[in-house]
Amino acid sequence: MAGGQAAPPPKQEELQPHPSKDQLPSIFYCITSPPPWPEAILLGFQHYLVMLGTTVLIPASLVPQMGGGNEEKAKMIQTILFVAGLNTLFQTFFGTRLPAVIGASYTYVPTTISIILAGRYSDILNPHEKFEKIMRGTQGALIVASTLQIVVGFSGLWRNVARFLSPLSAVPLVALSGFGLYEFGFPVLAKCVEIGLPQLIMLIIFSQYIPHLIHGERHVFGRFAVIFSVAIVWIYAHLLTVGGAYKNTGPRTQLSCRTDHSGIIGAAPWIRVPYPFQWGAPTFDAGEAFAMMAASFVALVESTGAFIAVSRYASATPLPPSILSRGVGWQGVGILFSGIFGTGIGSSVSVENAGLLALTRVGSRRVVQISAGFMIFFSILGKFGAVFASIPSPIIGALYCLFFAYVGSAGLGLLQFCNLNSFRTMFVLGFSIYMGLSIPQYFNEYTVVKGYGPVHTGQRWFNDMINVPFSSKAFVASMLAFVLDTTLHRKDNQTRKDRGMHWWDRFRSFKTDTRSEEFYSLPFNLNKFFPSV
């Protein structure tokens, strides 16, 4: 220093950490404040586009194994869309009332594949007959499995569990609900990198850079980044297709890159309304029902993390346990609908749509209800819905890279309520996240190498009951964090502060914070008949 003088000490206010916020600031439209109708309709359509990814990818992988062709695939996609629209409406009106899309879930895929491989279907030679019988088997399993979430939710059992949840134990749950889905991000994008990478770059430019370069009141580019980027890259992908770029490539490249190779548009009917038991009467198998119930429990835990992320990005207060339990009950009703209509797969909270809330900074309930309208509309008008469903999967993978990251960061955001200078906090946090990544990695690697999971008995349903939960990163991490957090020095007052419990204490009951009434109360004065506690 010149003159030997020491630097002046920093001002006290400069050293203050960022204040903790139980409601996320900088959201343009929160859960109860809808945008203008034209904007809300476009945002709703954007949510519809995003949820199409899982809706198409799951049938694309399952239907060929079930013996079905493009026609069955188109019908299955229509049915999933229709049921997702119904479930989303029920969840936003009568469930948690959060702007959460309820769509098809990857968690149920291993159990559905086990039903497909069941010995009683191996002798059926007619592919269409085999498809229908397998579908009826999944229907029976889903109908039985739905009772788990219906009972756990509506009885208030999950409310009692959620009251022990602290910000500390919620961090691994919410973080790995997003980060744990990394295999659906860049690996899917890289199947056709000349389409996927431009989509990812365009999405980041439209959503992050252009809003900072062009300062306007409308926030058009940031809010509709998905529509702009997907439209541009989809046209580019179509030009590559018609230009003959993939003429001499292998079948895998053609399936991933071409815009005319999905076969859905030609197979989809112009108008078709999905109806209950459209594949025939469901069949029931006790073992498969138990296996599906285990998958349902895993989906219940993962959905709890997604609900917390949605409440954060909707700028709502933390979910009161009674509201979360109510939402779980309605999610169980959603799985019942999946079984009755025959979607072939169970449902849970769409993680990618939770990430879209963060990208647009619009957490309005009305927007998601409009998107549910689009789901039902395009599920009935099959040809029009099939056009959007033919978006190449690498474009979807690029979207997931950003959306799953946003959900994961919502989990990390809960650390603001915890004491990160506590060794107890560091142990619970570090150990649960590390093991939440490590244990499923072992189970998944073992399955890839051997063709079956580490638990391999003569009963396939029992194997699934163990292998499926331990293959879920969010489930393993949250179970470890929950057990460790509730058993290690729980009654010490300082420990409660380290866990962040004092921040969430006023949201333990529906009535202790006045904002809960604004965000979560039922419509049509139904709270008088179904009061929350």
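Helices are taken here as DSSP runs of H or I with at least four residues, numbered from the N terminus. The model is a predicted one, and in it Ser-364 lies in the loop that joins helix 15 (351-360) to helix 16 (365-380). With a relative accessibility of 1%, Ser-364 counts as buried, because the cut-off for that class is a relative accessible area under 20%. A polar atom of the Ser-364 side chain is placed 3.2 Å from the backbone nitrogen of Arg-366. When residues up to four places away in sequence are not counted, Ser-364 touches Tyr-29, Cys-30, Ile-31, Ser-33, Pro-34, Pro-35 and Pro-99.

Two further serines were examined for their backbone angles. Ser-26, in the segment before helix 1 (37-66), has a phi near 65°, which is a positive value in a residue other than glycine. Ser-315, in the loop between helix 13 (286-313) and helix 14 (321-341), likewise has a positive phi, of about 55°, although it is not a glycine. The surroundings of these residues were assigned from relative accessibility: Ser-26 counts as exposed at 53%, whereas Ser-315 is buried, with a relative accessible area of 9%.

Helix 19 comprises residues 423-450, and its 28 residues reach 39 Å from the first C-alpha to the last, close to the 40 Å expected at 1.5 Å a residue. At the start of helix 19, a side-chain oxygen of Ser-422 comes to within 3.2 Å of the backbone nitrogen of Arg-424. At the other end, helix 19 is followed by Gly-451, for which phi is positive and near 90°. The buried residues of helix 19 are Arg-424, Thr-425, Val-428, Leu-429, Ser-432, Gly-436, Pro-440 and Phe-443, and the elements against which they pack are helix 6 (167-179), helix 20 (460-470), helix 21 (473-487) and helix 22 (493-499).

Helix 20 contributes Asn-463, Asp-464, Asn-467, Val-468 and Pro-469 as buried residues, and the elements covering them include helix 3, helix 13, helix 19 and helix 21. Of these elements, helix 3 (residues 109-116) was considered further through its packing with helix 20, in which the two axes come within 10 Å and cross at roughly 165°. Helix 3 is therefore roughly antiparallel to helix 20, since angles over 145 degrees are assigned to that class. The passage of helix 3 across helix 20 is a right-handed crossing, and the contact is formed by Pro-110, Thr-111 and Ser-114 from helix 3 together with Arg-460, Asp-464 and Val-468 from helix 20. Asp-464 and Val-468 thus appear both among the buried residues of helix 20 and in its contact with helix 3.

Helix 3 also packs against helix 4 (residues 127-154), at an angle of about 130° and with the axes 9 Å apart, so that helix 3 is oblique to helix 4. This crossing of helix 3 and helix 4 is right-handed. The residues that make the contact are Thr-112, Ile-115 and Ile-116 on helix 3, and Ile-134, Gly-137, Thr-138 and Ala-141 on helix 4.

Conventions. Residues numbered from 1 in each chain as written. Predicted model: local features only at pLDDT ≥ 70, side-chain atom pairs only at ≥ 80, totals over all residues. Heavy atoms only, no water. Helix = DSSP H or I, 4+ residues; strand = E, 2+ residues; numbered from the N terminus. Expected span 1.5 Å × (residues − 1). Buried < 20%, exposed > 50% of the residue type's maximum accessible area, 1.4 Å probe, protein only. Contact = heavy atoms within 4.5 Å. Polar contact = N/O pair within 3.5 Å; in protein donor to acceptor, adjacent residues only side chain to side chain. Axes fitted to C-alpha atoms, helices over the stretch in contact; angles between N-to-C directions. Parallel < 35°, antiparallel > 145°, perpendicular 65-115°, else oblique. Left-handed = near helix turned anticlockwise from the far one by under 90°.
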